[in-house]
Amino acid sequence: MTFANYKKKFHQEGYVVIKNFYRSMFVKKIRDSLKRHFDFIKKKYPEYNKKEYTFDNPKNESLIKLFYDSVKMLPCTIELLSFSKTLSLVKKLYGMKHFGFLRSAYGFRLDYPNRSKFLTQLHQDYHANLGSPDGLVFYTP
C-alpha cells in the first residue's frame, strides 16, 4: 500500500494499520529496556522480588501499575515518541509541521497474555483521550 493510500484510509476511517512500521531491532531495543526497568523495580521493592513475577506475566496489579506509571519517564519511551520515522509519519498524516505530546497521555498499554482483566480499557487509548480530539495513537503489539 502506498503512503497516499495510508493517508486516505486514515482520514476516511480515523485509523490506519501499518504493518512492520518499526524495524524488529528497534522494537527489541525498546522491549529490552522495558524488561531491564521491570527487573530494577523488582529489586528495589522486595515485596515484588518473587520468581513468579516475570516481565511477560507479572501476576500482580500493584506491580503492573507501578511499572506502567514509571515507564512514561524512561528514555526509551521518549525515544519511541521522538523517533524520526514516527515524527515524519505524524507530519505527513496531518499535513502539519507543529505538534506536541500530551504530558500525561503517553505510555504503554499493558495487555499481558492469558489475562482477562486489563489495567486500562481501550477507550483510554483512543477516542476518550481528553487532551486533544486530534490525538494520534500508535499501537505496537
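What share of the 141 residues of the protein chain counts as buried? The answer is 29%. Keep in mind that you are looking at a predicted model. Let's walk through it.

**Stop 1: the whole chain.** Show the protein chain as a cartoon. You will find five helices and zero strands, so-called α-α-α-α-α when read from the N terminus. Now switch on the surface: the chain exposes about 10,200 Å², and carbon and sulfur atoms supply 56% of that area. Take contacts between residues at least 6 apart in sequence: 64% of them join residues at least 24 apart.

**Stop 2: the core.** Select Ile30, Leu34, Leu63 and Phe67. These residues have the most contacts inside the largest nonpolar core, which has 21 residues. The elements giving two or more residues to this core are α1 (3-13), α2, α3 (61-71), α4 (75-81) and α5 (84-94). Helix α2 provides the largest share, five residues.

**Stop 3: Phe40.** Stay in helix α2 and pick Phe40. Is Phe40 buried or partly exposed? Phe40 is partly exposed, with a relative accessible area of 48%. Draw a distance from its C-alpha atom to that of Phe67: you should get 9.9 Å, although the two are 27 residues apart along the chain.

**Stop 4: Lys42.** Next, select Lys42, also found in helix α2 (residues 24-44). Lys42 is buried yet has no salt bridge. The nearest side chain of opposite charge, Asp39, is 5.3 Å away, whereas a salt bridge needs the N and O atoms within 4 Å. What does the side chain of Lys42 reach at 3.1 Å? It is the backbone oxygen of Lys50. Leaving aside residues up to four places away in sequence, Lys42 touches Tyr48, Asn49, Lys50 and Tyr53.

**Stop 5: salt bridges.** The structure holds six salt bridges; here are some to try.

- Select Lys28 and Asp32: their closest N and O atoms are 2.7 Å apart. Both residues lie in helix α2, four residues apart, about one turn of the helix.
- Select Asp69 and Lys65, whose side chains meet at 2.7 Å, N to O. This pair sits in helix α3, again four residues apart. Asp69 is partly exposed at 35% relative accessibility, and Lys65 is partly exposed at 44%.
- Select Asp56 and Arg31, with closest N and O atoms 2.8 Å apart. Asp56 lies in the loop between α2 and α3 and Arg31 in helix α2, so the pair ties together parts that are 25 residues apart in sequence. Asp56 is partly exposed at 41% relative accessibility, and Arg31 is partly exposed at 40%.

Key:
Residues numbered from 1 in each chain as written. Predicted model: local features only at pLDDT ≥ 70, side-chain atom pairs only at ≥ 80, totals over all residues. Heavy atoms only, no water. Buried < 20%, exposed > 50% of the residue type's maximum accessible area, 1.4 Å probe, protein only. Lys, Arg positive; Asp, Glu negative; His and termini not counted. Polar contact = N/O pair within 3.5 Å; in protein donor to acceptor, adjacent residues only side chain to side chain. Contact = heavy atoms within 4.5 Å. Core = buried A, V, L, I, M, F, W, Y, C linked by side-chain atoms within 4.5 Å. Areas by Shrake-Rupley, 256 points an atom, 1.4 Å probe, with all protein chains shown as cover.
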